[in-house]
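Trainee: I would like to practise reading disulfides from a structure. Can we go through one step by step?

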Amino acid sequence: MQRKWVQLSAGRAGALDPVVVNGSGFTLYRFDKDTASPSKSNCNDACATTWPPVLVDPGGKIFVQGVERSQVGVITRDDGTHQVTIGGWPVYRFSKDTRPGDTNGQGVGGTWFGVQPDGKKSGLPAGQEDEAATDDSAPEASAPEAPAPESPAPDETVPGEAQQAPATSAILFDDADFSDNGPAQGIAGEGCQDLARPEVTSSISLDGSAKIWSGPGCTGESKVVNGDVADLAAIGFDDRISSVKFG
């Protein structure tokens, strides 16, 4: 499924260090049967079910942390969707990675490997990494602002559109308007999830509804948000989120 926002962060997953993960902390992979110059995906149909490509809406934004923007690009797949590339290599998730940090796709078939921030294979001995081509930079687009009311009461749902289905993940940006000038962090899971970096968030992007809390462990003041909030100051929650409850 294509998304309005994609987060790419350099990090560590299992024995892979460095490796790129998405906004929810899931490991991203590259496929040896693809090509980087020109960038081309050869994983379609059943392959793309097992290895879901990382897709972004046309004109969507790609946020990076620890990944050079010059290494990030987008290609059009055979089915017309738009897939993110790193160092020219199309990137994917693995359907059998069920938790953030899983690396069950590493080495599958001798052709699938975690992707490093420069597009090279992660987890190989020094000297065995291949050189990757560089694709065009990520697309830029103005992020749509989500409407927010003035001074809603604590614990009440932020009004706007109708109540949405529960979200299972979110991207939290240190700056307002989903700006990629500052850092961002992803969070996902069921129930209450504490932020690795609390009290720094100025905008939040999520598909669905979730409850944000001012204290760790889903304590303190809370509000239910439906979808993206471009400026948390508008609802009195700028630099206040410490935990998020999903479901």
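The questions below deal with the disulfides of this predicted model.

Trainee: How many disulfides are there?
Mentor: Look for cysteine sulfur atoms within 2.5 Å of each other. C43 and C47 qualify, with their sulfurs 1.9 Å apart. C192 and C218 qualify too, at 2.2 Å from S to S. The count is two.

Trainee: What pattern do the disulfides follow?
Mentor: Number the bonded cysteines along the chain. One bond pairs C43 with C47, and another pairs C192 with C218. The pattern is 1-2, 3-4.

Trainee: Is the disulfide of C43 and C47 left-handed or right-handed?
Mentor: Check the torsion about its S-S bond. That torsion is about -105 degrees, so the disulfide is left-handed.

Trainee: Is the disulfide of C192 and C218 left-handed or right-handed?
Mentor: Use the S-S torsion again. Here the value is about 110 degrees, so this disulfide is right-handed.

Trainee: How many residues apart in sequence are the parts that C192 and C218 tie together?
Mentor: C192 lies in strand β13, residues 191-194. C218 sits in the loop between β15 (209-215) and β16 (219-226). So the pair ties together parts whose separation in sequence is 26 residues.

Trainee: Is C43 buried or exposed?
Mentor: Buried means under 20% relative accessible area. C43 has 0%, so it is buried.

Trainee: How does C192 count by accessibility, and what about C218?
Mentor: The cut-off for buried is under 20%, and exposed means over 50%. C218 has 13%, so C218 is buried. C192 has 32%, so C192 counts as partly exposed.

Note on methods: Residues are numbered from 1 along each chain as its sequence is written. This is a predicted model: local features need pLDDT of at least 70, side-chain atom pairs count only at pLDDT 80 or more; totals for chains, interfaces and linings use all residues. Side-chain values use heavy atoms; hydrogens and water are left out. Buried means under 20% relative accessible area, exposed over 50%, partly exposed in between (1.4 Å probe, protein chains only). Helices (H or I, at least four residues) and strands (E, at least two) are DSSP runs, numbered from the N terminus.
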